[in-house]
Amino acid sequence: MKYKLLVLDVDGTLLNDEREISKRTLAALLKVQQMGVRIVLASGRPTYGLMPLAKVLELGNYGGFVLSYNGCQIIKAQNGEILFERRINPEMLPYLEKKARKNGFAIFTYHDDNIITDSPNNEHIKREAQLNNLRIIREEFSTAIDFAPCKCMLVSNKEEALVGLEQHWKRRLAGTLDTFRSEPYFLEVVPCGVDKANTLGVLLEHLGVKREEVIAIGDGVCDVTMLQLAGMGVAMGHSQDSVKVCADYVTTSNAEDGVALAVEKLILAEVHAAEIPLDLLNERARHALMGNLGIQYTYADEDRVEATMPVDHRT
């Protein structure tokens, strides 16, 4: 099989406008996993906010991974093992908080299933907590945080002011921290050199997978380096032109099952019967319902799957 890894951005890509995985997309993604393709969820969301989606996609049964915080962590979906992690030096937190307050910005970070902030009523922070099923804890920011966070977020509806601070920090913090806007109202601060592409490169080396064996799908500016790293970079149909021009293929929007369409065309339609590894298929299914019932795959192609099932007096 040509591709071994499928890397998916989450919001605006995997999820539709109702923040759900459509039935067609779920079916396509389960099918490619059964054929031996591993899936990586690559998102700016915290790990806690991604694990429920990993469970729906059954990544733990098929050797999948979660790449969270825009590249600060790689998590093995099967058992939650941390394969890679980068964090911000806590000594930088008072400086970040000082700049936020000087500009009138809210600031927050993540810790397990919590958001820690001194602005619990901020509309964007409340929405972020709801999106990831997190609790909001109100604390004085830098004095309350006794751990090294994966990333910090500054929040404001004053986009021009955020852009100004972003540009200042790109000069002032170069070599120490990286900053970028993931939304018009969010300015993210992460460890230096962390992005989806660099962390994906770490995972490819760990797995022994080549760039040519990777498909990556995304819709945002934060996905561009990831699309360029992959052998096949796919932009969603609603992406900005600056994202589309960096991709090898443009699919439909997330409201039109763009992920499913890309997977069906670029992976499923290219598979021939002889390329589907039955041994691997049966091994991957061992932990799923099929394996629990003793079902063994005996033939598979893009149109048909055949299997045998033990028969006893209960059947």
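## Inside a predicted fold

Biologist: Which helix and which strands do the buried residues of H3 pack against?
Modeller: This is a predicted model, where local features need pLDDT of at least 70 and side-chain atom pairs count only at pLDDT 80 or more, while totals for chains, interfaces and linings use all residues. Residues are numbered from 1 along each chain as its sequence is written, and side-chain values use heavy atoms, leaving out hydrogens and water. Helices (H or I, at least four residues) and strands (E, at least two) are DSSP runs numbered from the N terminus. With contact meaning heavy atoms within 4.5 Å, the partners are helix H1 (10-14) and strands S2 (38-42), S3 (65-68) and S4 (73-76).

Biologist: How wide an arc do those buried residues cover around the axis of H3?
Modeller: In H3 (residues 47-56), the buried residues (under 20% relative accessible area, 1.4 Å probe, protein chains only) are Thr47, Gly49, Leu50, Leu53 and Ala54. They sit on the same side of H3 because the arc, taken from the directions from the helix axis to the C-beta atoms, is only 150°.

Biologist: And what phi does Glu58 take?
Modeller: Glu58 comes just after H3. Its phi is positive, at about 60°.

Biologist: Which helix gives the most residues to the largest nonpolar core?
Modeller: That core (buried Ala, Val, Leu, Ile, Met, Phe, Trp, Tyr and Cys joined through side-chain atoms within 4.5 Å) has 34 residues, and Leu6, Leu8, Leu29, Leu41, Ile215, Ile217 and Val263 touch the most other members. Elements supplying at least two residues each include strand S1 (5-8), helix H2 (23-34), strand S12 (214-218) and helix H11 (258-266). The top contributor, with five residues, is H11.

Biologist: Nice! Which residues does Ile215 contact beyond its neighbours within four places in sequence?
Modeller: Ile215 is among the members of the largest core that touch the most others. Its contacts beyond four places in sequence are Tyr3, Leu5, Leu6, Val7, Ala230, Met232, Val234, Leu266 and Ile267.

Biologist: How far apart in space are Ala260 and Ala27?
Modeller: Ala260 lies in H11 and is buried, at 1% relative accessible area. Not counting residues up to four places away in sequence, Ala260 touches Arg24, Thr25 and Ala28. Ala260 and Ala27 are 233 residues apart in sequence, yet their C-alpha to C-alpha separation is 8.2 Å.

Biologist: What is the volume of the largest cavity?
Modeller: On a 1 Å grid over the protein atoms alone, a cavity is where a 1.4 Å probe fits but cannot get out, a pocket is an open set with protein on both sides within 12 Å along at least five of seven lines, and lining residues have an atom within 4 Å of a point. One cavity of 30 Å³ or more turns up in the whole structure. The largest cavity has 13 lining residues, with Thr13, Leu14, Thr25, Asn254 and Asp257 nearest its centre. Counting the space filled by probe spheres set on grid points joined across faces, edges and corners, its volume is about 50 Å³.

Biologist: Which residues lie nearest the centre of the largest pocket?
Modeller: The largest pocket has a volume of about 930 Å³. H1, helix H5 (123-131), helix H7 (159-172), strand S10 (177-183) and strand S11 (186-191) each supply at least two lining residues. Of the 38 lining residues, those nearest the centre are Asp11, Ser182, Glu183, Asp219 and Gly220.

Key
Buried means under 20% relative accessible area, exposed over 50%, partly exposed in between (1.4 Å probe, protein chains only).
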